[in-house]
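The following explanation goes through strand pairing and then the surroundings of the ligand. Please keep the sequence and the model at hand while reading.

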Amino acid sequence: MDISVKNVTKIYGTQRALDDLSFEVKTGEILGFLGPNGAGKTTTMKAITCYLSPNKGDIFLGGTSVSKSPDIIKKKIGYLPENNPLYMDMPVMDYLKFIGKLQGVDKANIEAQVCKMVRICGLDLEKHKKIGELSKGFKQRVGLAQALIHDPEVLILDEPTTGLDPNQIIEIRELIKEIGREKTVILSSHILAEVEATCDRVLIINKGKIVADGTPESLRKEAQGKEILKVGVNIDDKNTVYNALQQLEEIEVVSFVDEDKHLFLIESYAGKSSAQSIFEMCMNKGWYLTQLTPVEKNLEDVFRELTN
Ligand SMILES: Nc1ncnc2c1ncn2[C@@H]1O[C@H](COP(=O)(O)OP(=O)(O)OP(=O)(O)O)[C@@H](O)[C@H]1O
């Protein structure tokens, strides 16, 4: 089911949390919603899940308006809120049955649906324990199971791996990817590795506005811009190398990285590559080239540049 956020503005007092925000998510996509603290991720998710009303704009799920038909929309959405509020004194099975009833799952179907969620979310060994007795990772699995209990077409997950240890993070990511094969998923995070590992597409939000939209790969490429190379030349007179590099016509900027190791950082002019010229120059002069490596920007650099 497609999600369409159209010109949504949300103002809290004097704080403009969302500023004319628009984006689309296609059926079956896992979208990573990335942004620094206070960027507006949770506010957007609450607006999609009918927990708050925007001051302006509207959101559509499969063409149905969130503001006009919240009851229809709620049935189509599974929501794992930030901090995953759960009833700690309830055993897992009872809790899931309770949520199933609240979500309008057919009485005749509830038992089977709860068992299915327990299986999908890997809760079989823990299903009779009280939620308060579970580890954080398993509590998060219960949160996912409650979000999925009514078999929603859209899944909204607000920082689903916060507070988990590295093994639990990997397990929950795998689970989300598995679930995401059949559903449209929006997952918020400020952890770049998380989004890169789990999502098909990334939206970066800052101060209530979208500042980037693309696959992790395309965002990295876009940020790449000019070619940057790390070049090592092992001769004693590093200034001679420095001057020779500066003479090459493809090179715009030469700087020393590590003077002792004779390493240079080379920035080429836009659209040019200087690797071949550097290689040929060293061959002609009989200099020993110890390193010629492209310096890649990663998603972390993109994120920092766009949200500073
Ligand atoms: N109930 C509220 N009342 C007043 N201001 C709010 C309220 N909820 C959020 N805000 C403000 O709106 C802005 C966006 O907050 P939001 O929680 O959506 O950001 P976020 O991207 O989810 O941040 P985080 O990563 O820290 O959870 C922030 O400046 C926040 O202080």
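V5 has I59 as its bridge partner in β4. The model is a predicted one, and this pair is a convenient entry to its strands. V5 lies in β1, residues 3-12, which pairs with β4, residues 56-61, in the antiparallel sense over 5 bridges.

The two strands belong to an open sheet of 4 strands, ordered β2-β1-β4-β5, with antiparallel pairing. β2 and β5 (64-65) are the edge strands; each has a single partner, so one side of each lacks a neighbour in the sheet. As a general matter, strands of a sheet pair through backbone hydrogen bonds, in either a parallel or an antiparallel way.

Further along the chain, β11 (residues 228-233) pairs with β13 (residues 263-268), again antiparallel and over 5 bridges. Within this pairing, G232 is matched with L263 of β13. β11 is also joined to β14 (residues 289-294) by 5 bridges, and these two strands run antiparallel. Here V231 is opposite L292 in β14.

The ligand is the remaining topic. Which residues surround the ligand? They are Y12, Q15, A17, G35, N37, G38, A39, G40, K41, T42, T43 and H190. By class, the shell around the ligand consists of 3 nonpolar, 8 polar and 1 charged residues. At least two residues of the shell come from each of β2 (15-25) and α1 (41-48). The largest share, 3 residues, is supplied by α1. β2 thus appears twice in this account: as an edge strand of the open sheet, and as a contributor to the shell around the ligand.

Technical notes:
Residues numbered from 1 in each chain as written. Predicted model: local features only at pLDDT ≥ 70, side-chain atom pairs only at ≥ 80, totals over all residues. Near = placed C-beta within 6 Å. Nonpolar A, V, L, I, M, F, W, Y, C, P; charged D, E, K, R; others polar. Pairing = 2+ DSSP bridges.
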